[in-house]
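I opened this notebook page to record what I looked up, entry by entry, with the sequence and the coordinates side by side.

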Amino acid sequence: MKAKLEVVAIVLGFVGLFGTITVTALPMWRVTAFIGANLIVMEVLWEGLWMNCYRQADIRMQCKVYDSLLALSPDLQAARGLMCCSLALGGLGLLISLLGLQCTSCIQNNDRAKRLVLIIAGSMVIMACICVLIPVSWTGHVIIRDFYNPLLIDAQRRELGEALYIGWVSSAFLFAGGCMFICCNLQSEDKGSDRYMYSRNSQYMAYPPQPLQPQQLVLPPQPQPQPLLSRHPSTIYSYHSRYPSVRSAVAYL
């Protein structure tokens with residue numbers, strides 16, 4: 001079951017990575033808005049991270065790369081760096097995850113190392129998801145804010161492009177794949193700590209608790225001190241007598 005979940009996670013990660021590459025390359029981040037009295041759609045202007053494209057009804061699409069990075073708005077400038085970071089993190093995380101899969105033999109006889117590799121890979125994929133979600137949401141917020149800005153004319157307003165929707169879907173795929181990598185391996189590590197398994201069918205008898213009875217303290221017998229032999233007559237007698245004992249006389253001799 002765990003191997004199947006890992007395969008699903010890596011498939012979701014590659015789908016999210018492919019979507020991230022598509023979002024980064026597409027110029028359809030901002031699209032000209034046709035509002036007001038402009039009813040005939042004759043031309044379309046697209047603005048992306050690397051180029052802007054212009055298309056008329058009778059002419060093919062023409063694209064031009066930006067002459068300078070400073071010509072971009074702040075949200076698109078930040079989006080360039082974050083999308084590149086997302087591609088690097090996502091690609092590296094998915095390559096690292098190939099080392100820790102159960103169906104691969106890169107790390108043998110070390111399940112703990114495999115779990116650690118997949119947890120690191122899942123964390124990198126989730127970071128790639130965050131790097132996609134921030135610029136896409138930021139650009140969408142700027143477009144919506146400017147659209148309802150009364151100080152701008154109709155020609156300056158833009159609409160949400162197709163690339164933003166693809167970016168939101170790609171971030172969802174990356175988040176799902178990274179969470180599956182982390183959750184599966186954390187759960188398996190908790191289960192691995194149970195080393196002793198007991199069968200429910202084993203026969204055992206339950207004994208009721210017995211009350212403790214106070215027992216009498218028994219002291220061991222103390223050894224009696226032995227009298228020391230001396231050359232002088234002893235003055236300690238076992239009974240009161242005026243005459244010395246025979247033992248004392250022998251000891252004196």
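The entries below go from the whole chain to single residues and pairs.

**Entry 1, the whole chain.** I noted before anything else that this is a predicted model, and I read every value below as computed from it. I counted five helices and five strands in the chain, and from the N terminus on I wrote their order down as α-β-β-β-β-α-α-β-α-α. I then looked up burial, and found that 30% of the 253 residues count as buried. For the accessible surface of the chain I have about 18400 Å², with 64% of this area belonging to carbon and sulfur atoms. I also looked at how contacts are spread along the sequence: among those between residues at least 6 apart, 63% join residues at least 24 apart.

**Entry 2, helix α2.** I followed helix α2 over residues 74–100, which makes 27 residues, and its span from the first C-alpha to the last is 39 Å, close to the 39 Å expected at 1.5 Å a residue. I listed its buried residues, among them D75, L76, A79, R80, M83 and S86, and further along G90, G91, G93 and L94. For reading such a list I kept in mind that an α-helix has 3.6 residues a turn, so residues three or four places apart point the same way.

**Entry 3, T20.** Which residues is T20 in contact with, leaving aside its neighbours within four places in sequence? I found M83, S86, L87, V132, S170 and L174. T20 itself has its place in helix α1, and because its relative accessibility is 1%, under the 20% cut-off, I entered T20 as buried. Two of these partners, M83 and S86, I had already met among the buried residues of α2.

**Entry 4, a nonpolar patch.** On the surface I marked a nonpolar patch formed by V7, V11, V15, V169 and F173, which together have about 370 Å² of accessible area. The elements giving two or more residues to this patch are α1 (2–25) and α4 (162–192), and α1 gives the most, with three residues. F173 lies in helix α4, and I entered F173 as partly exposed because its relative accessibility is 30%.

**Entry 5, salt bridges.** How many salt bridges does the structure hold? I noted five, and went through some of them one by one, remembering that side chains of opposite charge can pair when their charged atoms come close.

R30 forms a salt bridge with E47, and the closest N and O atoms are 3.9 Å apart. R30 is in strand β1 (residues 30–32) and E47 in strand β2 (residues 43–47), so this pair ties together parts that are 17 residues apart in sequence. R30 counts as buried at 12% relative accessibility, and E47 counts as buried at 16%.

E47 also forms a salt bridge with R158, where the closest N and O atoms are 3.4 Å apart. This pair links distant parts of the chain, since E47 sits in strand β2 and R158 in strand β5 (residues 158–160), 111 residues apart. R158 counts as buried too, at 15% relative accessibility.

I then turned to D146, which forms a salt bridge with R145, the closest N and O atoms being 3.5 Å apart. D146 is partly exposed at 23% relative accessible area, and R145 is partly exposed at 48%. As a last note, I recorded that salt bridges with shared partners join R30, E47, D75 and R158 into one network.

Notes
Residues numbered from 1 in each chain as written. Predicted model: local features only at pLDDT ≥ 70, side-chain atom pairs only at ≥ 80, totals over all residues. Heavy atoms only, no water. Helix = DSSP H or I, 4+ residues; strand = E, 2+ residues; numbered from the N terminus. Expected span 1.5 Å × (residues − 1). Buried < 20%, exposed > 50% of the residue type's maximum accessible area, 1.4 Å probe, protein only. Patch = residues over 30% accessible without salt bridge, like charges linked within 9 Å, V, L, I, M, F, W, Y side chains within 5 Å. Areas by Shrake-Rupley, 256 points an atom, 1.4 Å probe, with all protein chains shown as cover. Salt bridge = Lys/Arg side-chain N within 4 Å of Asp/Glu carboxyl O. Contact = heavy atoms within 4.5 Å.
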